[in-house]
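Colleague: I am new to this structure and would like a close look at a single part of it. Please take the aromatic rings and what surrounds them.

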Amino acid sequence: MAIPNNIGLDERGPASRLLEEYERKFRGWWGRRGPTEFLERSMRLRLPTGATSAAEWSKYHTMKPADYRWGVFMIPDARNEIAFGDHRGQARWNEAPSEYRSLLLQHICVQADVENAAVEQSSTLTRSTPSALDLENLFQFYLEEARHTWAMSHLLLTHFGEDGLVEAERLLERLSGDAENPRLLEAFNHPTEDWLSHYMWCLLADRVGKYQLHAVTDASFAPLARAARFMMLEEPLHISFGTLGLERVLCRSLEAMRELKSEDVFRAGAIPLAVIQKYFNFWLPKVYDLFGNDESERARELLRAGIRIPRNFREDAPGTVAVDRRSGEQIERCLVSGELATNTLMRRQFIAELQKILDRWNAVIRTVGIDFTFSQPHERFARRHGPCAHLPFDNEGNRLQTDASHQFFPSGEDLANVRGLMERKLGPEECASWIAPPGTRLHAVSGA
Ligand SMILES: [Fe+2]
Ligand SMILES: [Fe+2]
């Protein structure tokens with residue numbers, strides 16, 4: 001059966017043959033590394049229609065995850081000229097030019113790798129799903145993240161010859177968390193073993209995905225831009241799984257705090273705010289790492305080639321950006337050209353966007369009379385990549401003599417308590433104790 005697509009794929013052409021062959025292997029990966037249960041359960045899942053407008057691009061169907069087919073969908077270019085960089089004004093490239101071939105290949109491989117990794121790191125969550133709707137959302141997440149690998153694999157298979165074939169196969173071999181053959185980016189090698197981690201992941205890492213994808217929606221390599229524009233239609237829902245999921249967690253925690261008049265709400269089957277903060281402290285540094293090095297020659301090359309252009313860069317290109325630079329064991333603050341610091345710029349845009357969400361939550365928490373403020377750890381804290389990697393800082397960015405980051409992370413007891421709450425609830429109207437039912441909004445708790 002033909003691969004679902006909106007790009008006029010010739011059913012008997014070489015691209016279709018390559019994709020059908022790859023689909024067999026891709027299904028093998030899904031069978032080995034994806035979810036193992038509920039594949040035959042009827043769910044309400046959205047599928048691309050082939051349309052490209054924000055209103056009509058998808059439609060919900062009642063179907064089994066086992067019947068989902070990964071398709072190739074793109075949004076065509078509004079104009080044909082390269083938007084930025086050394087080739088600005090020239091025609092966009094439909095094939096990778098030899099001078100940028102390896103840069104593009106590498107970039108696409110990383111984008112593809114993180115998508116499959118996201119499925120692998122969360123594949124056991126079906127065991128502890130808090131409600132039937134959360135299960136549907138989880139499958140939507142699995143299927144669309146896998147489709148994102150599929151979308152990037154399509155580029156590898158059809159534009160990068162033998163090298164692309166080899167890299168597309170590697171995407172099905174690397175495994176999140178594997179000691180021998182891990183996923184390419186470290187953050188994607190940590191399992192999201194409980195639903196609090198999963199919601200954090202959707203709130204944070206899918207938001208990074210939005211930044212990374214947005215930066216290539218105008219890429220000089222047109223097929224990458226077209227694929228990314230369609231992926232950008234899918235991404236907001238994943239982010240909302242995180243935002244709305246965490247708001248439901250907060251609702252339940254705040255309710256329990258008011259009932260018990262205590263912060264220790266584990267005994268009421270809810271999660272203490274301090275433990276939620278520790279989860280932020282654990283996941284955020286890993287997510288900061290996903291933006292890449294503070295100063296990056298590779299990022300500059302991608303920018304000059306017009307491949308990866310951060311949001312607003314064209315309009316407000318900064319002359320200089322203050323970044324950390326490492327000298328031995330010391331960190332110095334330096335001003336570098338905006339072109340070298342696009343990763344830092346994107347990370348700081350992300351931090352500012354996330355802060356608005358935390359400010360909103362903090363306002364509700366204050367409204368109900370609770371003295372607690374969620375915050376983001378400093379961008380130097382607990383980093384594994386970049387100038388501050390493996391140097392000890394506290395969560396406000398102050399240099400320490402010895403590493404004390406574990407104090408800010410969930411303890412073994414916290415993890416055991418959170419995971420002890422995660423029981424599966426799938427009956428109609430059922431929902432686990434630690435989270436408010438689907439559809440509950442945070443402002444409801446304050447009576448606003
Ligand atoms: Fe994705
Ligand atoms: Fe996503």
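Modeller: What follows describes the aromatic pairs, then two charges over rings, then the pocket. This is a predicted model, in which local features need pLDDT of at least 70, side-chain atom pairs count only at pLDDT 80 or more, and totals for chains, interfaces and linings use all residues. Residues are numbered from 1 along each chain as its sequence is written, chains are lettered from A and ligands numbered from 1 in the order in which they are written, and side-chain values use heavy atoms, with hydrogens and water left out.

A search of the whole structure finds 28 aromatic pairs. Rings of Phe, Tyr and Trp (its six-membered ring) pair if their centres lie within 6.5 Å; planes under 30 degrees apart count as stacked, over 60 as edge-to-face and the rest as tilted. One of the pairs is F188 with W201, edge-to-face at 4.9 Å centre to centre and 90° between the planes. F188 lies in the loop between helix 4 (161-170) and helix 5 (195-214), and W201 in helix 5, so the pair ties together parts that are 13 residues apart in sequence. Helices here are DSSP runs (H or I, at least four residues), numbered from the N terminus. F188 counts as buried because its relative accessibility is 7%, where buried means under 20% relative accessible area, exposed over 50% and partly exposed in between (1.4 Å probe, protein chains only).

W201 is also buried, with a relative accessible area of 3%. W201 forms another edge-to-face pair, with W283, at 5.5 Å centre to centre and 75° between the planes. That pair links distant parts of the chain, W201 in helix 5 and W283 in helix 7 (residues 273-289), 82 residues apart. W283 is buried at 2% relative accessible area.

Elsewhere, Y22, F26, W29, W30, Y68, W70 and W150 form one aromatic cluster.

Two charges also sit over rings (NZ of Lys or CZ of Arg within 6 Å of the ring centre and within 35 degrees of the ring normal). The charged end of R44 is over the ring of Y60, 4.3 Å from its centre. K286 lies over the face of F409, 5.5 Å from the ring centre. Helix 5 and helix 7 are among those that each supply at least two residues of the largest pocket's lining.
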